[in-house]
Amino acid sequence: MERKVSVSRFVVFALAVAALSGVIAPGVQAATPAPASADRVLDLLIERLVATPGGPPGVAVVVHRGAERDLHSAGVADVTTGEPIHINDHMRIASVSKAFSGAAALSLVGRGQLSLDTTIGEILPDLPRAWWPVTLRQLLNHTSGIPDFSATPAFLQALLASLQVAPPPRTLLSFVESKPLLFPPGSSYQYSNSDNIVVGLMIEAATGQPYERVLQERVYGPLGLARTSLPRGADMPDPFIHGYNVNPTEDVSELFAAGWAWASGGIISTPADVDRFVRSYAAGGTTDPATRKAQFRFTPGESDPPGPGRNSAGLGIFRYETTCGTVYGHTGTTAGYTQFIGASADGSRSTTVSVNAQITPDTDARTFSLLRQVYLRAVCAAMA
């Protein structure tokens, strides 16, 4: 059953609930709220987020409890037309794309086409020799030590010079191929967009097929994700949630080609599709039980941006331990969009949060703190 939940500005009872919900001592496990109360608190918070200076024009939160799937929304998908956000509207999912590359890679591991111990040197010998000992496992849990290509001045210069036309994926790694590893592989954690570019190239080398085709055959198709794709260009499919810079408001939905992020952040999907994806992904629907067991070994490390509660990194997935329960998923942010997806380990309860502005701790710590509260309350509603 699916319902559309409208947010009312006149939620006096929710104000009281929200006030009480904020006085939980750190480290104390909160009682899981009743579904109706949890939903009201969530509605209040998303309305508050949209009304906050620096907040996004719109918010869409999918709360999926068993067979009941609700869309909680506030604000608009398009500031020009005033159109609200719908569950099948397209959006850029940013680094949530890394969970998809994890799903594709672990599918190949489950079929014996790759191993978690496959090294870069074995399968991609054209990459820098210093990277050769790095394994697929280390790429998926960000312990490779490979520097982040997107954090280099050379990448930024190239991006600004050709926003609408991206280079081949291998070229993205050229921005860091002369740099030393940040640490010996496997010895530390450092989130890096380079990791998933290498994962995508490994998938292509193992299958002899374009990464995009493997996604279709191993992820989109089996999970029924009819509105999910990885384009190379900048165009968004209709209908789509417009993404914005705020203060002043500027539409950046189609500012740059998705190929500039590729396997690390280029996927376009919908609230409905990413909810369907995370339910199956968290439950092991894209690999075999032994590989999923390895995937669910976690090490301290925050996703980027941080998700709710205490974060730790698995293989292509993060664990978010909150006062309302633990979910597994990913976060992401890019120009115009910020995302969070999470599901219980059995996939029976899930939530996704999509906002049409880029909100990070670095760009606006105060607004991001409020957004992170939305993540938490979305988890609480899903687990209620």
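**Close-up views of the pocket, cavities and salt bridges**

The lining of the largest pocket comprises 16 nonpolar, 11 polar and 4 charged residues. All views show a predicted model.

**View A. The largest pocket and its centre.** The volume of this pocket is about 810 Å³. Its lining counts 31 residues, and those closest to the centre are Ser150, Asn193, Thr333, Thr334 and Gln358. Two elements, α6 (153-161) and β11 (325-334), each contribute at least two lining residues. Helix α6 gives the most, with 4 residues.

**View B. The largest cavity.** The model has 2 cavities of 30 Å³ or more. The largest cavity has a volume of about 60 Å³. Its lining includes Arg92, Phe256 and Thr334. Ala257, Ala258 and Ala261 also line the cavity, as do Gly265, Gly266 and Ile267. By class, the lining splits into 5 nonpolar, 3 polar and 1 charged. Thr334 is also listed among the residues closest to the centre of the largest pocket.

**View C. The second largest cavity.** Its volume is about 50 Å³. Among the lining residues are Lys98, Leu139, Leu140, His142 and Asn196. Ala313, Gly314, Gly316, Ile317, Phe318 and His330 line this cavity too. The lining holds 5 nonpolar, 5 polar and 1 charged residue.

**View D. The salt bridge between Asp117 and Arg137.** The structure contains 11 salt bridges. In the one shown here, the side chains of Asp117 and Arg137 meet at 3.1 Å, N to O. The pair links distant parts of the chain, 20 residues apart. Asp117 sits in the loop between α3 (97-110) and α4 (120-123), while Arg137 belongs to helix α5 (residues 136-140). Asp117 has a relative accessible area of 45%, so it counts as partly exposed. Arg137 is partly exposed as well, at 27% relative accessibility.

**View E. The salt bridge between Arg372 and Glu302.** The N to O distance is 4.0 Å. This pair also links distant parts of the chain, with the two positions 70 residues apart in numbering. Arg372 lies in helix α12 (residues 365-383). Glu302 lies in the loop between β8 (299-300) and β9 (310-313). Arg372 is partly exposed at 26% relative accessibility, and Glu302 is partly exposed at 42%.

**View F. A salt-bridge network.** Asp39, Arg65, Glu68 and Asp70 are joined into one network by salt bridges that share partners. Within this network, Asp70 pairs with Arg65, and their closest N and O atoms are 4.0 Å apart. Asp70 and Arg65 are both buried. Side chains of opposite charge can pair when their charged atoms come close.

Conventions. Residues numbered from 1 in each chain as written. Predicted model: local features only at pLDDT ≥ 70, side-chain atom pairs only at ≥ 80, totals over all residues. Heavy atoms only, no water. 1 Å grid on protein atoms, 1.4 Å probe; cavity = no way out; pocket = protein on both sides within 12 Å on 5 of 7 lines; lining within 4 Å. Points joined across faces, edges and corners; volume = space filled by probe spheres on them. Nonpolar A, V, L, I, M, F, W, Y, C, P; charged D, E, K, R; others polar. Buried < 20%, exposed > 50% of the residue type's maximum accessible area, 1.4 Å probe, protein only.
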